[in-house]
Amino acid sequence: MIHLQQLSKIFRTKKDEITAVDNVDLSIREGEIFGIIGYSGAGKSTLIRLLNMLERPTIGEVIVAGKEMSTLRGKPLREARQNIGMVFQHFNLLWSRTVFENISFPLEIARVPKAERTKRVNELMELVGLSERANAYPSELSGGQKQRVGIARALANDPKVLLCDEATSALDPKTTDSILDLLVDINQKFGLTIVLITHEMYVIRKICHRVAVMEDGKIVEQGDVLDVFRQPKKQITKEFVKQMAEQEETLDTVVPLLKDHPSGPIVKLMFLGEGAEEPVITHLIRQCGVSVNILQGKISRTKDGSYGTLFVQLQGNTSHIEQALAFLRENNVEAEVLTDV
Ligand SMILES: Nc1ncnc2c1ncn2[C@@H]1O[C@H](COP(=O)(O)OP(=O)(O)OP(=O)(O)O)[C@@H](O)[C@H]1O
């Protein structure tokens, strides 16, 4: 759906040259939710603005829904932009217009006849759960409601791609969740491709299928969210993943717990994808005749499954413990024996 080839954006000021986006190659598939994460100044906003030509590339190609955007100007560019909706961190609503009128605005620009406009706006208000607030002004809405208007407006012209520029960064955690749920709902109902930029790994973990990590204008790592969480390669990615973990689950922090659990091997269990959904530990205890002391760990959920690490101590006779380790591996749980106390 989106192909970026050797894309760069250099801002030239009187004193300086800033390479905000540096030779980026990226492909985003139709119907996926693709997240771009990076710290402030990494070039995320510039990259997302290059997708709809709010910024023009210095070099490189931007192909969206089969169109080479950087060659377009005037009417063809306006038409191509109708395929691309955009949602902003600070909503960018028109304050003197009601909810209805804000959502209607892009349809007026596209010269959609009034009756059709009214029908479409009513559908969109229903979709984002704001039918009751049609006549309210932005100043009368909560942050989450304002963003719902922003999303409805971005969807008005039935785009193929929705760009979200830090769409939840101004919202509290509960409202963030409800907006993320709405984005997933829209993605599933309409097969809409969503590209979002964020500095929060939580957003990536909760709704994205794939992720790219940006640093100094470059994409330094990308892949399926679950893979990147399980095996981050670059230091910056590790920092973002760590941001998620409440505590570092290292052997160092587990060893002190041993004095309370004097016998039996300590095993690090790594749950990958579907495995963590299953009551594996319960089955382990019932079927293998071992007891399991859970020492420490954390399981987190991503859109495509769960991942996480548990440190456990297995207690039982040697053959039961061997049977338990075999059982774990058969059930897609990586089991690494760390100490044989
Ligand atoms: N119009 C501009 N003129 C000059 N420099 C710019 C311009 N826009 C962005 N930059 C610079 O380009 C770099 C990348 O900025 P960008 O806003 O894309 O990063 P970001 O990852 O989105 O960060 P933030 O989340 O803080 O917006 C920064 O060094 C920024 O100062």
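Tutor: Two strands count as paired if DSSP finds at least two bridges between them. Keep that in mind as we walk through this predicted model.

Student: Happy to! In what order do the strands of the open sheet of four strands run?

Tutor: The pairing in this sheet is antiparallel. S2 and strand S5 (67-68) stand at the edges with a single partner strand each, so one side of each has no neighbour in the sheet. Reading across from one edge, the order is S2-S1-S4-S5.

Student: Which residue in S4 is the bridge partner of Ile 2?

Tutor: Strand S1 covers residues 2-12 and strand S4 covers residues 59-64. Five bridges join S1 and S4 in the antiparallel sense. Within S4, the partner of Ile 2 is Val 64.

Student: Now for strand S3: how many of its five residues are buried?

Tutor: Let's take the faces in turn. In a regular strand, side chains alternate between the two faces of the sheet. On one side of S3, Ile 33, Gly 35 and Ile 37 are buried, and on the other side so are Phe 34 and Ile 36. S3 (residues 33-37) is therefore largely enclosed by the rest of the structure, and its buried count is five of the five.

Student: Which residue in S9 stands opposite Ile 36?

Tutor: S3 has parallel partners to consider. With strand S8 (residues 193-198) it pairs over five bridges, and there Gly 35 faces Leu 196. With strand S9 (residues 210-215), S3 shares four bridges. In S9, the residue opposite Ile 36 is Ala 212.

Student: Where does the largest nonpolar core lie relative to domain 1 and domain 2?

Tutor: That core has 88 residues, and those with the most contacts inside it are Leu 51, Ile 103, Ala 152, Leu 163 and Val 195. Domain 1 (2-244) and domain 2 (251-339) both give residues to the core, so its place is between them.

Student: And what separates the centres of domain 1 and domain 2?

Tutor: The domain assignment gives domain 1 as 2-244 and domain 2 as 251-339. Taken over C-alpha atoms, the separation of their centres is 40 Å.

Student: Leaving aside neighbours within four places in sequence, which residues is Leu 51 in contact with?

Tutor: Leu 51 is one of the residues with the most contacts inside the largest nonpolar core. Beyond those sequence neighbours, its contacts are Ile 2, Val 62, Val 64, Ile 84, Leu 163 and Val 195.

Student: Which element gives the largest share of the shell around the ligand?

Tutor: Residues surrounding the ligand include Phe 11, Thr 13, Gly 41, Gly 43, Lys 44 and Thr 46. The elements that give two or more residues to this shell are strand S2 (17-28) and helix H1 (44-51). The largest share, three residues, comes from H1.

Student: By class, how many nonpolar, polar and charged residues are in that shell around the ligand?

Tutor: Ile 18 and Ala 20 are among the residues around the ligand, as are Ser 40 and Ser 45. Gly counts as polar in this grouping. The tally is four nonpolar, seven polar and one charged.

Student: Last one: is Gln 296 buried, exposed or partly exposed?

Tutor: Gln 296 sits in strand S12 (residues 291-302). A residue is buried with 20 or more other C-beta atoms within 10 Å, and exposed with 12 or fewer. Gln 296 has 16, so the answer is partly exposed.

How values were computed:
Residues numbered from 1 in each chain as written. Predicted model: local features only at pLDDT ≥ 70, side-chain atom pairs only at ≥ 80, totals over all residues. Domains from an automatic or database assignment. Core = buried A, V, L, I, M, F, W, Y, C linked by C-beta atoms within 7 Å. Contact = placed C-beta atoms within 7 Å. Near = placed C-beta within 6 Å.
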